[in-house]
Amino acid sequence: MTFLGFGQVGQEFPYMEGESLTNQVINIPKDVAGKYTLIGLAYSKKSENYLQTWFEPTYNQFIYKPDKPSLFGGNYDVNVYFIPMFTGAKRPAYKSVMKKIQKTIDPKLQPHVLFYKGELKSYKKALNFKGKDVPYFFVLDESGKIIYATSGRYTDTKMREITDKVEDSWN
């Protein structure tokens, strides 16, 4: 398994407020309670590029709902949020970057991209961030507790581990 550190697994995800590209404010973990949730966080340009490698496969695995029920996909009821973090000197760019991204990102993904603006230090500590150039991913259970953590660019193995965690919860 690709655990970042056992410190955050089993702990509640720290409170975070973000604004979606559809201008909806989401408070995690409060607004995601009752459902499993996959969260991807990035706080540097390089990590945002790696975060984007997750968009299509995550959409196909957890967000896309086929017209007819399928044996092989679209059967998950999971919250998914990709969160670029605007901290420090990047905070003033929040709104302008958000407007630019709204014009370029697929409308189907827009409700799943949250922009966070604020401090970083408490998240680095609580979530065990080891470096700024990789995105971090967390699977939360229905109560907001972290049950799985990984980092880096997308791989099929990481997606399989995430999917296994979600499926284990249903058994």
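In what order do the seven strands of the open sheet lie? In this predicted model, the order is 2-1-5-4-3-6-7, and the pairing between the strands is mixed. Strand 2 (25-28) and strand 7 (146-151) stand at the edges; each has a single partner strand, so one side of each is left without a neighbour in the sheet. On average, and with direction ignored, neighbouring strands of the sheet are turned by 30 degrees against each other.

Stepping back to the whole chain helps to place this sheet. The chain holds five helices and seven strands. Followed along the sequence, these elements give the pattern β-β-β-α-α-β-α-β-α-β-β-α. Of the 171 residues, 48% count as buried. Among the contacts in the chain with a separation of 6 or more, 73% join residues that are 24 or more positions apart.

At one end of the strand order, strand 1 (residues 16-20) runs antiparallel to strand 2, and four bridges join the two. Within this pair, Glu17 stands opposite Asn27 in strand 2. Two helices can be described next, since both pack on the sheet. Helix 1 (residues 45-52) touches strand 3 (37-42), strand 4 (79-86) and strand 6 (136-140), and its direction makes about 145 degrees with that of strand 3. Helix 2 (residues 55-63) touches strand 3 and strand 4, and its direction makes about 150 degrees with that of strand 4.

Which residues of helix 2 are buried? They are Phe55, Thr58, Tyr59, Phe62 and Ile63. These residues cover an arc of only 105 degrees around the axis, which puts them on the same side of helix 2. A general feature of helices is useful to recall at this point. An α-helix has 3.6 residues a turn, so residues three or four places apart point the same way.

Thr58 offers a good close-up of helix 2. Its relative accessibility is 0%, and Thr58 therefore counts as buried, for which the cut-off is under 20%. Leaving aside neighbours within four places in sequence, Thr58 is in contact with Leu38, Ile63, Val80, Phe82 and Met159. Tyr59 is buried as well, because its relative accessibility is 15%. Tyr64, by contrast, is partly exposed, with a relative accessible area of 39%. The rings of Tyr59 and Tyr64 have their centres 6.2 Å apart and their planes at 50 degrees, so this pair is tilted. The count of aromatic pairs comes to 10. Elsewhere, ring pairs link Tyr43, Phe129 and Tyr136 into a cluster.

The nonpolar cores come next. The largest has 27 residues, and Phe62 and Phe82 are those with the most contacts inside it. Strand 3, helix 2, strand 4, helix 3 (94-104), strand 6 and helix 5 (156-170) each supply at least two residues of this core. Its largest share, four residues, comes from helix 2. With neighbours within four places in sequence left aside, Phe62 is in contact with Leu38, Tyr76, Val78, Val80, Met159, Ile162, Thr163 and Val166. There is also a second, separate core of 22 residues, which includes Ile28, Tyr81, Met85 and Leu140.

Why is strand 6 described as largely enclosed by the rest of the structure? Five of its five residues are buried, and this is the reason for the description. Both faces of strand 6 are covered: Tyr136, Phe138 and Leu140 are buried on one side, and Phe137 and Val139 are buried on the other.

Strand 6 can also be followed through its partners in the sheet. Strand 3 and strand 6 pair in the antiparallel sense over five bridges, and Leu38 stands opposite Val139 in strand 6. Strand 6 and strand 7 likewise run antiparallel, joined by five bridges. In this second pairing, Phe137 stands opposite Thr150 in strand 7. Strand 6 and strand 7 form a hairpin with five residues between them, and Gly144 in the turn has a positive phi of about 95 degrees. The hairpin thus brings the description back to an edge of the sheet, because strand 7 has a single partner strand.

Note on methods:
Residues are numbered from 1 along each chain as its sequence is written. This is a predicted model: local features need pLDDT of at least 70, side-chain atom pairs count only at pLDDT 80 or more; totals for chains, interfaces and linings use all residues. Side-chain values use heavy atoms; hydrogens and water are left out. Two strands pair if DSSP finds at least two bridges between them. Axes are lines fitted to C-alpha atoms, for helices over the stretch in contact, and angles run from 0 to 180 degrees between N-to-C directions. Contact means heavy atoms within 4.5 Å. Buried means under 20% relative accessible area, exposed over 50%, partly exposed in between (1.4 Å probe, protein chains only). A nonpolar core is a set of buried Ala, Val, Leu, Ile, Met, Phe, Trp, Tyr and Cys residues joined through side-chain atoms within 4.5 Å. The arc is that of the directions from the helix axis to the C-beta atoms. Rings of Phe, Tyr and Trp (its six-membered ring) pair if their centres lie within 6.5 Å; planes under 30 degrees apart count as stacked, over 60 as edge-to-face and the rest as tilted.
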